[in-house]
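Dear colleague,

Please find below the structure that I am handing over to you. I would be grateful if you could read the notes beneath it with the model open.

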Amino acid sequence: PINQLDLDQNPWTIKVSIRFKSEMRNFYNARGEGKVFSFDCIDEHKGEIRAIAFKQAAVKFFPLVKAGGVYIISKGQLKLADKVCADNNID
């Protein structure tokens, strides 16, 4: 379950439904440029998490991820949400 994920836990796997998928956008910063999109996930226990895909991962997964779809996700990097930038209640 999402609520049992730990920042030090690796590998991890979760089964989620996609509640929302953003548009693909370009970004430019000191580390370079690329594409990015995000998608909000919920599991069967009502745990929520936002996934963000950058650069090659964004290009690869954007056409595959569909709002309302159910997916098994694993091996991503876990980070706490930056509450200053976040526009939701997801940790």
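The notes below cover the origin of the model, one strand residue, the nonpolar core and one pocket.

This is a predicted model, in which local features need pLDDT of at least 70 and side-chain atom pairs count only at pLDDT 80 or more, while totals for chains, interfaces and linings use all residues. Residues are numbered from 1 along each chain as its sequence is written, and side-chain values use heavy atoms, with hydrogens and water left out.

S38 belongs to strand β3, residues 32-42 (strands are DSSP runs of E, at least two residues, numbered from the N terminus). With a relative accessible area of 13%, S38 is buried (under 20%, using a 1.4 Å probe and protein chains only). Leaving aside residues up to four places away in sequence, S38 touches F20, K21, S22, R50, A51 and I52 (contact means heavy atoms within 4.5 Å).

The largest nonpolar core has 14 residues (a set of buried Ala, Val, Leu, Ile, Met, Phe, Trp, Tyr and Cys residues joined through side-chain atoms within 4.5 Å). Those touching the most other members are I14, V16, I18, F37, F39, C41 and I49. Two or more residues of this core come from each of β1 (13-21), β3 and β4 (48-54). The contacts of C41 include V16, I18 and I49, and also I2 and I73.

Finally, the lining of the second largest pocket divides into 5 nonpolar, 3 polar and 3 charged residues (Ala, Val, Leu, Ile, Met, Phe, Trp, Tyr, Cys and Pro count as nonpolar, Asp, Glu, Lys and Arg as charged, and the others, Gly among them, as polar). A pocket is an open set of points on a 1 Å grid over the protein atoms alone where a 1.4 Å probe fits, with protein on both sides within 12 Å along at least five of seven lines; lining residues have an atom within 4 Å of a point. β1 gives the most to this lining, with 5 residues.

Yours sincerely

Definitions and conventions: Helices (H or I, at least four residues) and strands (E, at least two) are DSSP runs, numbered from the N terminus. Buried means under 20% relative accessible area, exposed over 50%, partly exposed in between (1.4 Å probe, protein chains only).
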